[in-house]
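Notebook open, viewer open. I'm jotting down what I look up as I go.

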Amino acid sequence: QAEYTALRIGLEEALKMGAREVDVYMDSQLVINQMKGVFKIKNRDLWPIHDAIQQLAKQFKHIRYTHGPRELNKLADAAVNRARDE
């Protein structure tokens, strides 16, 4: 749920900034593939937030979803860990 919430908040902020096209890079291969429609969402608790993201996505001209391995995302991962510790 955390990855989906982060994606929703990120898209909301991009809309506030006036973005029309967005590149989403996440280390969650599952979320990326679910957003691309490659994988089904089996966890029913995720359906409402996925639906909310789909509605947000309609407000953009284009969104590209790209998986980036966690090993290549050390700065963001460290920031999340610091925030979680606080």
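Is D23 buried, exposed or partly exposed? I looked it up, keeping in mind that this is a predicted model. D23 has 40% relative accessibility, so I put it down as partly exposed.

**Entry 1: the partner of D23**

I went on to the side chain of D23 and found a salt bridge to R64, with the closest N and O atoms 3.3 Å apart. This pair ties together distant parts of the chain, since D23 sits in strand β1 and R64 in strand β2, with their positions 41 residues apart in the numbering. R64 comes out at 43% relative accessibility, so I noted R64 as partly exposed too.

**Entry 2: other salt bridges**

How many salt bridges does the count come to? I get four. I wrote up two more besides the one above.

One of them joins the side chains of K61 and E21, at 3.8 Å from N to O. Here again distant parts of the chain are linked: K61 is in the loop between α3 and β2 (62–67), E21 is in strand β1 (residues 21–26), and they are 40 residues apart. K61 has a relative accessible area of 64%, which is over the 50% cut-off, so I list K61 as exposed.

Another joins the side chains of R8 and E12, at 3.0 Å from N to O. That one stays inside helix α1, where R8 and E12 are four residues apart, about one turn of the helix. I checked accessibility for both: R8 is partly exposed at 23%, and E12 is partly exposed at 29%.

**Entry 3: α1 against α3**

Next I looked at helix packing, for which the angle between the axes and the distance between them are the usual description. Helix α1 (residues 2–16) packs with helix α3 (residues 47–57) at an angle of about 20 degrees, and I have their axes 10 Å apart. That angle is why I call α1 roughly parallel to α3. I noted the crossing of these two as left-handed.

Which residues meet there? From α1 I listed Y4, T5, L7, R8, L11, E12 and L15, and from α3 I listed I49, H50, A52, I53 and L56. Sorted by class, the contact has eight nonpolar, two polar and two charged residues. R8 and E12 turn up in this contact, and they are also the salt-bridge pair I noted within α1.

**Entry 4: α2 and Q34**

Then I turned to helix α2 (residues 29–36), where V31, I32, N33, Q34 and M35 are buried. What covers them? My list for the buried residues of α2 includes α1, β1, α3 and β2. Just after α2 comes G37, and I read its phi as positive, near 85 degrees.

I picked Q34 for a closer look. Q34 belongs to helix α2, and with a relative accessible area of 6% I count Q34 as buried. Leaving out residues up to four places away in sequence, Q34 touches Y4, F39, K40, I41 and H50. Two of those names, Y4 and H50, were already on my list for the α1 and α3 contact.

**Entry 5: P48**

Last stop was P48, which I found in helix α3. Buried or exposed? P48 counts as exposed, at 54% relative accessibility. I also took a C-alpha to C-alpha distance from P48 to K74: they are 30 Å apart in space and 26 residues apart in sequence.

Terms used:
Residues numbered from 1 in each chain as written. Predicted model: local features only at pLDDT ≥ 70, side-chain atom pairs only at ≥ 80, totals over all residues. Heavy atoms only, no water. Axes fitted to C-alpha atoms, helices over the stretch in contact; angles between N-to-C directions. Parallel < 35°, antiparallel > 145°, perpendicular 65-115°, else oblique. Left-handed = near helix turned anticlockwise from the far one by under 90°. Contact = heavy atoms within 4.5 Å. Nonpolar A, V, L, I, M, F, W, Y, C, P; charged D, E, K, R; others polar. Buried < 20%, exposed > 50% of the residue type's maximum accessible area, 1.4 Å probe, protein only.
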